[in-house]
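Here are a few exercises to work through with the structure open beside you. Try each task before reading its solution.

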Amino acid sequence: MCNYRTQGRQVNRVYLKTFGCRTNIYDSQIMAQNLKDFVLVGSEEEADIVVVNSCTVTNSADSSARSYISGLQKKGKRVVLAGCGAISKGETLFKEEKVFGVFGHSEKGNINTLLKSETPFFAPGDLESLDETIVEDFSSRSKAFIKIQEGCDFNCSYCIIPSVRGRARSQEERKILDQIARLAGNGYGEFVLTGTNIGSYGKDTGSSIATLLKRISVIRGVRRIRLGSLEPVQIDDAFMELLEEPWLEKHLHIALQHTSEAMLIRMRRRNALQRDLALFEKIADKGFALGTDFIVGHPGESETIWQEALENFRLFPITHLHAFTYSRREGTHAAMMKESVNGRVAKARMKLLETIVSENNFAFRKGHARGLEVLVEERKGAYQVGYDQYYNRVFITSPLDLEKEWVTIPEAEARTEGNYATMAQ
Ligand code: SF4
C-alpha cells in the first residue's frame, strides 16, 4: 500500500459518496474496484479524499451535491467530482475551485491514477465508451447490480440524461454473462439489470433485452432477475413471453411519465395512453406488481390536463411509484416552454398520485401475502428486512441470523407500512 503525500499530508483514505440512481451505485462499485493504491473508508470523517459520484437529473440533485461539496470543503477534505454532475457542472465547480478534480464516466477505470495527482485535474472524458471493469463483488449488498448498457436515444422534453451519458450503447453480451457467472459463483442469487435505458439493450448489436434475459437465466446460481426501468414501447412479444418464467421478479417498473395523451406528446414521449393501459392490464393479469415513474408539473400541465391525467391514472394497476415534480434543466426542450406550473400545485398533485398508489399497494399486498420469496438484506431495529418477489418490503422477526439468506414466508401480515412475518426456525 502506497501513501501519497500532498504538502506533508497523507492522502490515501478515500470515501466514495454516491448520489442518485442504481446506475450510480454500480459506477461507484467500478470506482471502488479500481482503487488499488488507496484505502476505502466508510465515512467522510475518516477520509482524506471524498469522491462525489453525483446525480444531475433534477435541480435539487445538483444543489444536494453542491451543498455536500461545500460542507466537505469547510472540513478541509480534498473533493473530487464524478458522475453525471461532472459533465453538467464539473467545469464550473472546477473553475470556481470548489473541487480539486473532476472526472467523467469514461474515466472511472483511471480513478487510481487520477487520485494520485498532486495537481488539480479536469478529465471529463468522452460519451462513447463503455466500462471495461467487471465488478465481482458488491460489498455489503446481498444482490448484484449489473450495468448492461449506457446512454439513451430518446429525446424526452425534460431530460438532460442523454447529454450527460451519451447515446445508447450495449455492453458486450459475453462480458455480462461472464460477470454474472462469477458473481453467482461468489454466492449472489439476485441480479438487478441497470443502465440508462435498459430496454434499448441490443438495438446496436442485433440482440434484445429478452434474448439477454434468457441467456442470463440459465447461468447456474441465478435465482431472481430484477430489471431497472423499461419504456412501454420496448416491451415486445418476445419480452411478454418471459412473464411466465420463475426467475423473473414478479414486479416490473415501466416508465409512463404521464397519463394524459396531450402531455405525453408535449413531453416528447414515445408511449401513448391507450396502448400503455392495455399493456399494464395485461401484465397485471399475470400476477405482476407494477411500478412507474411520473413527472407532475411539466410546463403545460393545465388543470384540465391534470384532471384528465388523474382520471386515467386511477385506471392503471400501479402498485409502486416514483413521482417527481418537474425540475427545469437548462439545455432541454422543456426549459424553453413558458406555461409553468406552480410548485405548490405540482406537489399537491404528486401527493394525490402517491396516495392512490399506496392504497393500491396495500390492496395488492393483502392479496399477495402467501408464499413470499424474500432475500433478506439488512437488520432494522428488531427486524430483518428484505424484498419479496413483488418488490414489497417484508419485516421479519426471527431468532435466526437471516441476513443475505433466501427465505420463504408461508404467510405474511400486510400492514399499511409493509408486510410482517415471524420465523421461528
Ligand atoms: S427515456 Fe427519456 S427520461 Fe429516460 S433517460 Fe431517455 S430521455 Fe431521459
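Strands, for the purposes of these exercises, are DSSP runs of E with at least two residues, numbered from the N terminus. The model you are looking at is a predicted one.

**Exercise 1. Find where Lys404 lies and state the sign of its phi.**

Step 1: Go to the loop between β20 and β21 (406-411); Lys404 is there.
Step 2: Check the backbone. Lys404 is not a glycine, and its phi is positive, at about 65 degrees. For background, most residues other than glycine have a negative phi.
Step 3: Count the surroundings. Lys404 has 17 other C-beta atoms within 10 Å, and because a residue needs 20 or more to be buried and 12 or fewer to be exposed, Lys404 is partly exposed.

**Exercise 2. Now treat Tyr391 likewise: which loop holds this residue?**

Step 1: Tyr391 sits in the loop joining β19 (383-387) to β20 (393-397).
Step 2: Its phi is near 60 degrees, a positive value in a residue other than glycine.
Step 3: With 19 other C-beta atoms within 10 Å, Tyr391 is partly exposed, because burial takes 20 or more.

**Exercise 3. Work out how the chain is divided and which domains the largest nonpolar core draws on.**

Step 1: Mark out domain 1 (5-123), domain 2 (144-367) and domain 3 (370-422). The C-alpha centres of domain 1 and domain 3 are 35 Å apart.
Step 2: Locate the largest nonpolar core, which has 92 residues; Val51, Val79, Val80, Leu81, Ile146 and Phe191 have the most contacts inside it. Domain 1 and domain 2 each supply at least three residues to this core.
Step 3: Look for a second, separate core; it has 13 residues, among them Val374, Leu375, Ile396 and Ala421.
Step 4: Return to Phe191. Beyond its neighbours within four places in sequence, its contacts include Ile146, Ile180, Ile216, Val222 and Ile225.

**Exercise 4. Describe the residues around the ligand.**

Step 1: List the shell: Cys152, Phe154, Cys156, Cys159, Ile161, Pro162, Thr196, Asn197 and Glu231.
Step 2: Sort the shell by class, which gives six nonpolar, two polar and one charged residues.

**Exercise 5. Where does pLDDT stay under 50?**

Step 1: Start with the whole chain, which averages a pLDDT of 92, with 96% of the residues scoring at least 70.
Step 2: Then turn to residues 1-8, where pLDDT stays under 50; the model has ten contacts for them beyond four places in sequence.
Step 3: Apply some caution: where pLDDT is low, the predicted coordinates should not be read in detail.

Conventions. Residues are numbered from 1 along each chain as its sequence is written. This is a predicted model: local features need pLDDT of at least 70, side-chain atom pairs count only at pLDDT 80 or more; totals for chains, interfaces and linings use all residues. Helices (H or I, at least four residues) and strands (E, at least two) are DSSP runs, numbered from the N terminus. A residue is near a molecule or strand if its C-beta atom, placed from the backbone, lies within 6 Å of it. Ala, Val, Leu, Ile, Met, Phe, Trp, Tyr, Cys and Pro count as nonpolar, Asp, Glu, Lys and Arg as charged, and the others, Gly among them, as polar. pLDDT is the predictor's confidence in each residue, from 0 to 100. Two residues are in contact if their C-beta atoms, placed from the backbone, lie within 7 Å. A nonpolar core is a set of buried Ala, Val, Leu, Ile, Met, Phe, Trp, Tyr and Cys residues joined through C-beta atoms within 7 Å. Domain bounds come from an automatic or database domain assignment.
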